[in-house]
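Reader: Hi! Could you walk me through this model before I start working with it?

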Amino acid sequence: MKWLSLITIIIPVLLLPACSTSLPRLEFTPGASVETLSAAVSVSITSAEHGMSGSGFLVYRRPDRLHLIILSPFGTTLLEAFALGEQITLLYPSRSTAYVGRIDELPLTSGMHGWRFMRWVMDAEPAASNSISGTVERSGIQDMRESVTYENGLVARKKSQFGDQAFYSRYALLNGVPFASEVVLLTAGEQRIRLVLDEPEVNTPLEQAVFTPQLEGITILPLSDLRGL
Amino acid sequence: MMRIFRISSTLCAILLITCSTALARPVPPLEGLEALRKVLAGITDFSADMTQEKKLSVMKRTLKMSGTVRFRKPDQFYMALNPPHATRMVLNDAVIEQANDRQEGHTRVVLPPEQGLKQWFSKLSVPVTSLPADFDISADLTNSLYTLKIAPRGTGQIREVGISFLADGTIKRMVIVERNGDKATMTFKNPRRNSGLTDRDFQLTP
């Protein structure tokens, strides 16, 4: 039994260095971060009540502008989500309907609840150096307490004070900026959102129109009216 | 979401109808639709490779995807997109299922029976004698390439669906223009007809 106890102690210790080096050691520019992003995206949303998967585009401008486009298998637009600060607009072209409100008003049962964390997920600046590994506790955006785990200076995982977790992987270097091509969000509400980004363009100019919903002829409803995806 | 899939099912039906087109000369829209119906009668299944390009009106970027499509009478349709956008969609009459390559985000939508594939094809079991009231239809012929344009009237999401095909019935391209100016182009290669597709070719899981 002593051997068993010893093994149970040794194995985690042996595994620890392996875990801490799972992200690559990239020679990124200190202080460089994603200011703007434009990328093709594959997204899947899984929860107890809802499921959705699809492809599209993701456009982001730091700190709080985001435009997500989800396409149907035929290439038509299923959903456009625009986030600006605390405001969010969910535009469904096939229904000629948009749902507008504050992000924290997203109904828990809508299947879109996880999107309230997207700003938090996108806030994943690298550490000052690629020699930094470990976990720090800090006050993140909107003064939310969070723990951030770095591996080789790259954000590997974030955990909010409420138990929401984001995992970052498949890093690459773009113009000196480290960029995670895969992000998985597990909310405390047991919703799972997986984003896989492809052909990213980082820190290129983006026109304001990209972040502005076109609502002419669109019926606008409050977020509380949103049912399902 | 229901309406989204209704549109998908409509587009699916248009796609399937035109996949089997064989017109030998320029024709008025009504004759063209009737010819399509006749050709469809000789098809039991169809499959092709596909590339898809999506151009967004507000961005100077194009999303490119590739995959395969399959159809089998009377009511099965399958579409699979390759990585990195791997997604599968299966339509069995009025039941649509969709998931990605990891079987995440599984979506299942049941349409009303009147919107199922079976219903679409039963409508085509009788000759087309009048043009659909809610569509503007036009056709042109360039060399041996026909282009048929179908524009739903009203202010819905779809402004126009264009289908290009050769006189021998080979579907070449399908273009969907949305009201906001976005354009999706599907180009087909290696079309295969009546190759003996089975239920196994229409499963969500690989």
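Author: Happy to; we can take the contact between chains, then some strands.
Author: This is a predicted model, where local features need pLDDT of at least 70, side-chain atom pairs count only at pLDDT 80 or more, and totals for chains, interfaces and linings use all residues. Residues are numbered from 1 along each chain as its sequence is written, while chains are lettered from A and ligands numbered from 1 in the order in which they are written.

Reader: Thanks! How many residues of chain B are in contact with chain A?
Author: On chain B there are 35, and they meet 34 residues of chain A; contact here puts the C-beta atoms, placed from the backbone, within 7 Å.

Reader: And which element gives the most to that side of chain B?
Author: That is α1(B), with five residues. Helices (H or I, at least four residues) and strands (E, at least two) are DSSP runs, numbered from the N terminus.

Reader: New topic: which way do β7 and β8 of chain B run?
Author: Antiparallel, with eight bridges joining β7 (residues 135-142) to β8 (residues 145-152) in chain B. Strands pair if DSSP finds at least two bridges between them. One bridge partnership is B:I137 with B:I150.

Reader: What about the turn there?
Author: Two residues lie between the strands of the β7(B) and β8(B) hairpin, and B:N143 takes a positive phi near 55°.

Reader: How many bridges link β8(B) and β9?
Author: Six, again in the antiparallel sense, with β9 covering residues 158-166 of chain B. B:L148 stands opposite B:I163 of β9(B). That hairpin has five residues between its strands, and B:G154 has a positive phi near 105°.

Methods: Two residues are in contact if their C-beta atoms, placed from the backbone, lie within 7 Å.
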